[in-house]
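The following exercises are to be worked with the sequence and the three-dimensional structure at hand. Each task is followed by a solution in steps.

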Amino acid sequence: MAVRGKSINLFLMDGDAGGRIKCTLANWTGVAYKIPRTALDKCKERDDLKQSGVYFLFGISDETGKGVVYIGQAGARKNGEGILNRLQEHKRSPEKDYWTEAIVFTTSNNSFGPTEISYLENRFCNLAIEANRYEVKNGNDPTSGNITEEKESEMEEFIDYAEVIMGTLGHKLFEPISKPTVKKQDGFTISEDTVRLHLERTIKNVGKVEASGTQTTEGFVVLQGSHISLVDDDTIPSVIKERRKKALIDEQGILQEDMLFTSPSYAAMFIIGKSANGLTSWKNANGQTLKSLESIEE
C-alpha cells in the first residue's frame, strides 16, 4: 500500500525534553503521556490521568543491563482516581523500585471500559514478549477478556497507533531487533527479507564457529542460533567481554537470542572472542564481504 505520513504532536509540558511529554496524533482519539517517575506529583490536576487506561513502567535491570518493563491497566474509580493513582501506588511499592519513567495510554473522550483496557493490556504484553526487546516483568499473562469482533477491530487500530507513538517516545518495545527492512519503490512500501550475512572462523583450541547476522537501521544483529566461541582474549574491548558474560549462550556455545551491536566489527568480536574487522568478516551467500556490498550500494 502507499506510504502515508503521520502527524504527531509532542507537547513538552515542562518546556524540557527530559520532562513530561503529552503526545497526540491526528485523527486519533488516543492520548499518550511520558512521565518521569520524579514528576508524578506534577500531574495531580490532569483529569485525563484520572480515567481508565494502560500504562508501561520502564527501567534498567541492575543484573543484566537490559531494559525492563511492567505493563498494567488502571480503571477509573468512583472517587475520581484512575491511572495516576495506580502509578503512585507503584511508586510507593518496593517491588517496583526499578522503573524510572511511565508511558500511559488513555483517550480524549474517556471511552475505555474494563473490556477495552483488559484487551489492550493482554495484547501489549504479548507483543512486548514476542519482540523480546525488554524483560517483561509481568508475573502472569493478563486476560484478554470477552470482546466482540467489532470492538476487537477498534482496539487493534488503537494498538497500531500506540506502536508508532511508543517508538516516537523512545521505546521500540514492540519492534523485534531483527526487524525486516522496508524499501520504498514508486511511492509504495515493499517488505523484504533482510540480507542474511554469515561469519565462519576456525579458532585455535576452539574449532570452527559459524554465525549469522544482518544489518538494521539500528546497527548489526547477531541472530539466535549462531555458534559463539566460549573463550576470548584481551584484544576485544571490555564492553564486548561483558556482553559475552551476560549473553544467553548454552554449553555448546549456541546463542539463544538475537543481539544488537553498534557495528559489524563489535558483532564479529562478540562471536570470535578476538579482534576482528566486521567489514571483511561478514559475507553473503555468494562470498561477497560486507565491505564490497557497501561499495556496490554507493
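**Exercise 1. Strand pairing around Cys-23**

Task: Identify the bridge partner of Leu-10 in S2, and then trace the pairing onward to S3.

Solution. The model is a predicted one.
Step 1. Leu-10 has Cys-23 of S2 as its bridge partner.
Step 2. The strands concerned are S1, residues 8–12, and S2; they run antiparallel and are joined by five bridges.
Step 3. On S3, Cys-23 is partnered by Ala-32. S2 and S3 (residues 30–36) are likewise antiparallel, with three bridges between them.
Step 4. Four residues lie between the strands in the hairpin of S2 and S3, and there Asn-27 adopts a positive phi near 65°.

**Exercise 2. The two faces of S2**

Task: Assign the residues of strand S2 (residues 21–25) to a covered or an uncovered face.

Solution.
Step 1. In a regular strand, side chains alternate between the two faces of the sheet.
Step 2. The covered face of S2 holds Ile-21, Cys-23 and Leu-25.
Step 3. The uncovered face holds Lys-22 and Thr-24.
Step 4. The accessibility of Cys-23 is 0%, so Cys-23 counts as buried.

**Exercise 3. Cys-23 and Cys-43**

Task: Determine why Cys-23 forms no bond with the closest cysteine sulfur.

Solution.
Step 1. A disulfide is a covalent bond between the sulfur atoms of two cysteines.
Step 2. The cut-off applied to the pair of sulfur atoms is within 2.5 Å.
Step 3. For Cys-23, the closest cysteine sulfur belongs to Cys-43 and is 15 Å away, which is too far for a bond. Conversely, the closest cysteine sulfur to that of Cys-43 is in Cys-23.
Step 4. The count of disulfides is therefore zero by this cut-off.
Step 5. Cys-43 is also buried, at a relative accessible area of 0%.

**Exercise 4. Positive phi at two asparagines**

Task: Locate Asn-110 and Asn-132 in loops, and state whether each is buried or partly exposed.

Solution.
Step 1. Most residues other than glycine have a negative phi.
Step 2. Asn-110 has a phi near 50°, a positive value. The residue belongs to the loop that links strand S6 (99–107) with helix H2 (114–131).
Step 3. Asn-132 also has a positive phi, of about 60°. Asn-132 sits in the loop between H2 and strand S7 (135–136).
Step 4. Asn-110 is partly exposed, at a relative accessible area of 44%; Asn-132 is partly exposed as well, at 34%.

**Exercise 5. The surroundings of Phe-270**

Task: Describe where Phe-270 lies, and list residues in contact with it beyond its sequence neighbours.

Solution.
Step 1. Phe-270 is part of helix H5, residues 264–272.
Step 2. With a relative accessible area of 0%, Phe-270 is buried.
Step 3. Setting aside neighbours within four places in sequence, its contacts include Ile-228, Ile-240, Ala-247, Ile-249, Leu-255, Met-259 and Phe-261. Arg-243 and Arg-244 are also among them.
Step 4. The C-alpha atom of Phe-270 is 8.2 Å from that of Ile-236, a residue 34 residues apart along the chain.

**Exercise 6. A nonpolar surface patch**

Task: Find which residues form a nonpolar patch on the surface together with Val-206.

Solution.
Step 1. The loop between strand S10 (197–203) and strand S11 (207–216) contains Val-206.
Step 2. Val-206 is partly exposed, with a relative accessible area of 35%. Patch members need over 30%.
Step 3. Leu-230 and Val-231 complete the patch, and the three residues together have about 250 Å² of accessible area.

Key:
Residues numbered from 1 in each chain as written. Predicted model: local features only at pLDDT ≥ 70, side-chain atom pairs only at ≥ 80, totals over all residues. Heavy atoms only, no water. Buried < 20%, exposed > 50% of the residue type's maximum accessible area, 1.4 Å probe, protein only. Pairing = 2+ DSSP bridges. Patch = residues over 30% accessible without salt bridge, like charges linked within 9 Å, V, L, I, M, F, W, Y side chains within 5 Å. Areas by Shrake-Rupley, 256 points an atom, 1.4 Å probe, with all protein chains shown as cover. Salt bridge = Lys/Arg side-chain N within 4 Å of Asp/Glu carboxyl O. Contact = heavy atoms within 4.5 Å.
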